[in-house]
Amino acid sequence: MAPDPDAALMVAFQGGDEAAFRALFEKHGRATMAFCQRFVKDAARAEELTQDVFLKLHTGADRYQPSARFTTFLYRIATNHCLNEVRRGEYRARPEIDPDSEDGSPLDPDALAGPAATPEEEARGNALSRDVEAMLSRLPESQRAAFVLARFEGLPYEEIALVLGTTVPSVKSLVHRATVSAARALESWSGEGAEA
Amino acid sequence: MTRREIHVEEELTALLDGALEPARRAEVEAHLAGCAGCRAGRDSLAAALATIGTLPPPAPPLPGFEQRFYARLAREAPRRRSLLERLGARPLRWLVPATGLAAALAVGIWVRQDRQRADLEMARHLDLLENYVEVASLDLVETPEDLDVVVHLDEIREGHP
């Protein structure tokens, strides 16, 4: 296995190098937020979940073993945390505003503009996103986690098995069943998607 | 559908993901060549994957994303580490079966320390109640941030993959 530069940063952090931890956050924080957004719709809540994940990483750094890829460790924490959030529902929904930060204004979802798109493209993307969110919300949580890791994060089955603490055949089955559900739920999009 | 076809159907997603061993892939493809039903199933899955591929990316965070995290980290990390070290130094008994006792203690903690309602909501979960019992008995929970550590203790203490 090729050397994992993130593992080296994590080991440096275990040795007390806070800059190494910040480097990890700056490299993976935004991707982690995108991952969390596959589990919660609200961008502000996804950011808070991301902060939670990295706080756990910070607090539990001594549990990390360099034999494991850093991203596998990170995905495992993030997956567990997001699934717990889904189980808990919205009980913690609250704005997380840091009055001491440089940007302490409340998060405004309307201000989270994506890349420029025509109104038609934006409407289509929003409608598809809603259908995918609805489909994901109906999946059993192990299928949902495996599906998100496979489809949106692009992880190979072997790594998903490590993240979820299961076997590759089990991951294969979870991803397949979730994909069958997706095919049923998104059937009306197929012709349109082929034309797009 | 024969038993063999069912087995092939179960592997169609792995086929599309390129996750089959070469020998198995050849077997599945040979089956597909002669089975219109499985080909239709494969095409349906492929269409779904293509549709998902057109999803817009999630919204990016607002400016100040890193600064907001570092500010929270500065506030909470020392307290979390301190609490975890104190918990780690004690003999812990995490599995307490007495739900009623747990609930009573959780409510007691809440009343005594004037916690926010959200914290009481958290205590509805039995696993959290068990943690509350243990931590309350050790008199270690003092702030909402402590509660957050307790709530997620199993994840924080979780071993590496």
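This report describes chain B as a whole and then a few residues of chains A and B, all in a predicted model.

Chain B contains 10 helices and 0 strands, and, read from the N terminus, its elements follow the order α-α-α-α-α-α-α-α-α-α. Of the 161 residues in chain B, 42% are buried. Among the contacts in chain B with a separation of 6 or more, 59% are made by residues 24 or more positions apart. The area that chain B exposes is about 8100 Å², and 57% of it is supplied by carbon and sulfur atoms.

In chain A, A:Thr59 lies in helix α3, which covers residues 43–59. The side chain of A:Thr59 comes to 2.8 Å from the backbone oxygen of A:Leu55, and A:Thr59 counts as buried because its relative accessibility is 1%, which is under the cut-off of 20%.

How many disulfides does a search of the whole structure find? The search finds 0 over all chains. Two cysteines illustrate this result, and the table gives the nearest cysteine sulfur for each of them.

| Cysteine | Nearest cysteine sulfur | Distance |
|---|---|---|
| A:Cys36 | A:Cys82 | 3.6 Å |
| B:Cys38 | B:Cys35 | 3.6 Å |

A disulfide requires two cysteine sulfur atoms within 2.5 Å, so at 3.6 Å from the sulfur of A:Cys82, A:Cys36 is in no disulfide. B:Cys38 is likewise in no disulfide, with the sulfur of B:Cys35 at 3.6 Å. A:Cys36 counts as buried because its relative accessibility is 0%, and B:Cys38, with a relative accessible area of 2%, is buried too.

Technical notes. Residues numbered from 1 in each chain as written. Chains lettered and ligands numbered in written order. Predicted model: local features only at pLDDT ≥ 70, side-chain atom pairs only at ≥ 80, totals over all residues. Heavy atoms only, no water. Helix = DSSP H or I, 4+ residues; strand = E, 2+ residues; numbered from the N terminus. Buried < 20%, exposed > 50% of the residue type's maximum accessible area, 1.4 Å probe, protein only. Polar contact = N/O pair within 3.5 Å; in protein donor to acceptor, adjacent residues only side chain to side chain. Contact = heavy atoms within 4.5 Å. Areas by Shrake-Rupley, 256 points an atom, 1.4 Å probe, with all protein chains shown as cover.
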